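Please examine the structure shown below alongside its sequence. The paragraphs that follow lead through it one region at a time.

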Amino acid sequence: MLAVAVLLFAVPADAHVGSPNVYYEGDAGPYHLFVTVNVPAVIPGVADVQIRADSDDLQKVTTAVTRLAGAGSQYAPVPDAAQRSPIDPHLFTSSLWLMEYGSMRVLINVAGAHGTAQMSVPVPSAARRMLSMPPALGALLLTLAIALGIGAVSIVGGAARESRLAPGASVTPELKRRGWRAMAITGVVVAAIFYLAFVWWNADARNYAAITKIFKPPKLALSVVDGNRLTIRPSPDDKLWLHYKVMDGIVPDHGHLMHLFLVRAPALDRIWHLHPNRQPDGSFVDALPQIEPGNYTVFADIVDETGFPWTLVGSIDLPQINGAQLKGDDSGGNAPALTSSSDSAIDVLDDGTRVVWHRDGATIRANAPMILRFEVQDQNGKPASDVEPYMGMAAHAEIISSDLQVFAHIHPSGSVPMASLMMASSNSDATSKSMPGMNMSDMNMNATAAISPELSMPYGFPKSGHYRIFLQFKRAGKIETAHFDTVVN
């Protein structure tokens, strides 16, 4: 039992590889909130929810969890009251049980000086590992189990030996033999119960560790044909796809069924953000642009019809690709090789555009929610006046750890895919009205309308290490890619 209990499966998250927590920034009516959901590593498990308001107007916050879509999504349980922090009046915290696998949403109801409002934050609920049992607890449970077994044997033996005796009568040798026989039979039964319990424990542990319980990033099968045509399929060796049939139903996110990222490893000096086309057989194909040779780690973001985000992973060795020019929403970026000493807050692009990461100088720590703040400047260091939406958002960012164990594709709203937000919005009129940033009309905004050069994105680095951030935005009709490096303690 202890040998099975101490198994620890360290597996990356299924969505946003290695970055499981949810970060979202948006408006609940007149209240601007920054929400962090620390997703538990095991399901069922407790999710810690943090809600930070940007003003003193908020007086009460409650939270509840439902399915994102489908049966039961309209029926939330009785909400739990979030507790206001005694040292930070803008911070409210609560704990919610995630009991199911799949696409869930945290409903946040707020009340304050400007009335009541609601926010809905999608949360992918999935187990990522098996927790180890503390040795002391395992020893205690085993000792108690043995004591119960001995007690059961003793009770049955005493009952067989003395239950028929008259008060004050002596135990005869025959009754003693009867008691020993009963204890022997009971001992065999108890041993069988223990054996079956161990078998059940092992089977349940194996089942939990299987593909249906602990999710792993699905694997990609990649190949290049005709010189520059990249074919993307689920790996035939990955049984996860056979079980969940994810590719049978996916929905567009930011106008594309798949967001494909090719990152040259280990230098992280090249990145390509592409959007393959789906083929009748379910595969995806993309005509690659001109790409330098090397080993590329591949991340493919999709959202299934339930609103659950998936990041598929793979790698491929590419020769020199002499492809066509980038077009549409496809983009690419170059950067110096990432080194152990890389640390940057300013990037000057080839056309003179300056991008500044406004860091407050404080040490960045793992699992600490924060706002990444950037500013796009012209060649003279003044705020750029020609920043335009890129795929319906002010900007996109890809965050990658140097060991490639963390990959996150985030936006100014946070780490939640827009497709999932739209599903959450459609399930609640109150949510839709209180979250104007989620209206579909916002996705169809004028693609050339100038927006603020100040770009902010909520996130929390999931572990210590060296990270590279690729920031992508559009300026004067041209998609730009800036890079920044940092160390997380």
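Met391 is buried, because its relative accessible area is 8%, and burial here means under 20%. The model in which this residue is described is a predicted one. In that model, Met391 occupies the loop between β23 (387-388) and β24 (396-401). The backbone at Met391 has a positive phi of about 55 degrees, although the residue is not a glycine. Leu404, likewise not a glycine, has a positive phi of about 65 degrees. Leu404 is found in the loop between β24 and β25 (407-410).

The backbone has further features of interest at two prolines. Ile43 and Pro44 are joined by a cis peptide bond, with omega about 0 degrees. Pro44 belongs to the loop between β2 (31-38) and β3 (45-53). Another cis peptide bond links Ala265 to Pro266, and its omega is about 5 degrees. The loop that holds Pro266 runs between β13 (259-265) and β14 (270-274).

Burial can also be considered for a whole element. How many of the nine residues of helix α5 (residues 418-426) are buried? Eight of the nine are, and the helix is therefore largely enclosed by the rest of the structure. The buried residues of α5 are Met418, Ala419, Ser420, Leu421, Met422, Met423, Ala424 and Ser425.

The strands may be considered next. Strands of a sheet pair through backbone hydrogen bonds, either parallel or antiparallel. One open sheet has four strands in the order β5-β4-β8-β9, with antiparallel pairing. At its edges stand β5 (80-81) and β9 (115-125); each has a single partner strand, so one side of each is left without a neighbour in the sheet. The antiparallel pairing of β5 with strand β4 (residues 58-67) extends over two bridges. Within β5, Asp80 is the bridge partner of Thr63.

An open sheet of four strands is also formed in the order β10-β11-β16-β15, again with antiparallel pairing. Here β10 (220-225) and β15 (277-278) are the edge strands, and each has a single partner strand, so one side of each lacks a neighbour in the sheet. Strand β15 runs antiparallel to β16 (residues 284-287), and two bridges join them. Arg278 stands opposite Phe284, a residue of β16.

Attention now turns to the aromatic side chains. A pair of aromatic rings is described by the distance of the centres and the angle of the planes. Across the whole structure, a search finds 11 aromatic pairs. In one of them, the ring centres of Phe299 and Phe407 are 4.2 Å apart and the planes are at 5 degrees, so this pair is stacked. Phe299 is part of strand β17 (residues 294-304) and Phe407 is part of strand β25, so the pair ties together parts that are 108 residues apart in sequence. Both Phe299 and Phe407 are buried.

The rings of Trp357 and Phe374 have a different description: their centres are 6.0 Å apart and their planes are at 35 degrees, so the pair is tilted. Trp357 belongs to strand β21 (residues 354-357) and Phe374 to strand β22 (residues 370-377), so this pair ties together parts that are 17 residues apart in sequence. Trp357 and Phe374 are both buried. Trp357 has a further partner in Arg359, which lies over the face of the ring at 4.4 Å from the ring centre. Elsewhere, Tyr23, Tyr459, Phe461 and Tyr467 form one aromatic cluster.

The last topic is the largest pocket, whose volume is about 560 Å³. Which residues lie nearest its centre? They are Gly332, Gly333, Asn334, Asp350 and Thr481, from a lining of 25 residues. Several strands contribute to that lining: β14, β19 (331-334), β20 (346-348) and β28 (478-488) each supply at least two residues. By class, the lining has seven nonpolar, nine polar and nine charged residues. Strand β14 also links this pocket to the earlier discussion of cis peptide bonds, since the loop holding Pro266 lies between β13 and β14, and β14 is among the strands that supply the lining.

Notes: Residues numbered from 1 in each chain as written. Predicted model: local features only at pLDDT ≥ 70, side-chain atom pairs only at ≥ 80, totals over all residues. Heavy atoms only, no water. Buried < 20%, exposed > 50% of the residue type's maximum accessible area, 1.4 Å probe, protein only. 1 Å grid on protein atoms, 1.4 Å probe; cavity = no way out; pocket = protein on both sides within 12 Å on 5 of 7 lines; lining within 4 Å. Points joined across faces, edges and corners; volume = space filled by probe spheres on them. Nonpolar A, V, L, I, M, F, W, Y, C, P; charged D, E, K, R; others polar. Pairing = 2+ DSSP bridges. Phe/Tyr/Trp six-rings, centres within 6.5 Å; stacked < 30°, edge-to-face > 60°. Lys NZ or Arg CZ within 6 Å of the ring centre and 35° of its normal.
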